[in-house]
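Here is a short guided tour for anyone who likes to see the cut-offs next to the geometry. Please keep the viewer open as you read.

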Amino acid sequence: MRKKLVIKIVLSCAMLVIMCPITLVHAADEINGDLTYDEGAEIYKPTDEEIREDERRQNEVKLKEMLRAAPDGEKRTMDVPVFQQKNNYYCGPATVKQVLHYRNKSSKTQEYYAGELGTTQSGTDMTKIKALLNRLQNAPYIYANIGTSSEWLTKIKYSCSTTIPAVLDINTNSVSAFPYRSSGHFVNISGLNTLDGHCKVRITDPYGPGLGNRWYYSSDLYKANYNHSRKAIIY
């Protein structure tokens, strides 16, 4: 009797697997939602206007730091919602959805943003993200080179102080702090903490193993951003 019951359970489980196939993505697998230059992405250089605006924003942050009464650090977070990307190459549309939902309090589907961005199975061209964000919400995003770690952190501080979630293209392959490997993955900034003596930056990650609002040491996140061939930030 017990043998028959075991056989029935095994058969039932087998039927469930057949009827409801599950695709597992392992943390060891490399994901890539970024359209590379070889795959047709645009080689983009910040315009003169963007370069001037980048300098203005950095100077604004530095001035505020000089005038701040309590120079012991700061902690800022943005309540950016998490939307898990629907496949391995939808990190661009998912990140855009996260930013727009935070900025506008509502958003459309990942499929809609994928269409607007021209996303394919090869990924999303980062140069398309800035224009879409500027068209669909009222914060003036610019595309900039990340610069040195200090310049990069100033851009992150500007993003957090103005509640404009920055977008990064990261390469995590040589950064052990990340729970997955990717040569090109999009995330957005959603927090900064310099209060405990260690500078940490929070990202809103749409990918499974790193899914959610996660804090990383700024040095690790900068390295992942720097390791990407673009070395760019949209903020």
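The sections below go through confidence, the strands, the aromatic rings and two buried polar residues.

## Ground rules and confidence

This is a predicted model, in which local features need pLDDT of at least 70 and side-chain atom pairs count only at pLDDT 80 or more, while totals for chains, interfaces and linings use all residues. Residues are numbered from 1 along each chain as its sequence is written, and side-chain values use heavy atoms, with hydrogens and water left out.

The predictor's confidence in each residue, pLDDT, runs from 0 to 100. Its mean for the protein is 89, and 86% of the residues reach 70 or more. Please treat the start of the chain with care: over residues 1–28 pLDDT stays under 50. For that stretch the model has 8 contacts beyond four places in sequence, where a contact means heavy atoms within 4.5 Å.

## Strand β5 and its partners

Helices (H or I, at least four residues) and strands (E, at least two) are DSSP runs numbered from the N terminus, and two strands pair if DSSP finds at least two bridges between them. Strand β5 covers residues 181–193, and 11 of its 13 residues are buried, so the strand is largely enclosed by the rest of the structure. Here buried means under 20% relative accessible area, exposed means over 50%, and partly exposed lies in between (1.4 Å probe, protein chains only).

Which strands pair with β5? β1 does so in the parallel sense over 3 bridges, with E30 opposite R181. Strand β2 (residues 75–77) runs antiparallel to β5 and is joined to it by 3 bridges; here R76 stands opposite L192. Strand β4 (residues 167–170) is also antiparallel to β5, over 4 bridges, and I170 has H185 as its bridge partner. Finally, 5 bridges join β5 to the antiparallel strand β6 (residues 200–205).

## The β5–β6–β7 hairpins

In the β5–β6 pairing, N188 stands opposite T204 and G191 has R202 as its bridge partner. These two strands form a hairpin with 6 residues between them, and G197 takes a positive phi near 90 degrees there. Strand β6 is itself largely enclosed by the rest of the structure, because 5 of its 6 residues are buried.

β6 also pairs with strand β7 (residues 212–217), in the antiparallel sense and over 6 bridges. K200 is opposite Y217 in this pairing, and the two strands form a hairpin with 6 residues between them.

## Aromatic rings

A search of the whole structure finds 9 aromatic pairs. Rings of Phe, Tyr and Trp (its six-membered ring) pair if their centres lie within 6.5 Å; planes under 30 degrees apart count as stacked, over 60 as edge-to-face and the rest as tilted. One of the pairs is Y44 with Y143, edge-to-face at 4.5 Å centre to centre and 65 degrees between the planes. This pair links distant parts of the chain, 99 residues apart: Y44 is in the loop between β1 (30–32) and α2 (48–67), and Y143 is in strand β3 (residues 143–145). Y143 counts as buried, at 2% relative accessibility.

Y89 and Y90 also form an edge-to-face pair, at 5.5 Å centre to centre with 90 degrees between the planes. Y89 is partly exposed at 22%, whereas Y90 counts as buried at 12% relative accessibility. Elsewhere, F178, Y180, Y207 and Y216 form one aromatic cluster.

Two lysines are placed over rings, as judged by NZ of Lys or CZ of Arg lying within 6 Å of the ring centre and within 35 degrees of the ring normal. K97 lies over the face of F83, 4.4 Å from the ring centre, and K105 over the face of Y102, at 5.3 Å.

## Two buried polar residues

Is K155, in helix α6 (residues 149–161), buried or exposed? At 1% relative accessibility, K155 counts as buried. Beyond its neighbours within four places in sequence, K155 is in contact with D54, Q58, A144, N145, I146, I233 and Y235.

T127, in helix α5 (residues 127–136), counts as buried at 10% relative accessibility. Its side chain makes polar contacts with those of E42, at 3.4 Å, and D125, at 2.8 Å. A polar contact is a pair of N or O atoms within 3.5 Å; within protein, one must be able to donate a hydrogen and the other to accept it, and residues adjacent in sequence count only if both atoms are side-chain atoms. Not counting residues up to four places away in sequence, T127 touches E42, Y44, Y143 and R230, and among them Y44 and Y143 form the edge-to-face pair described above.
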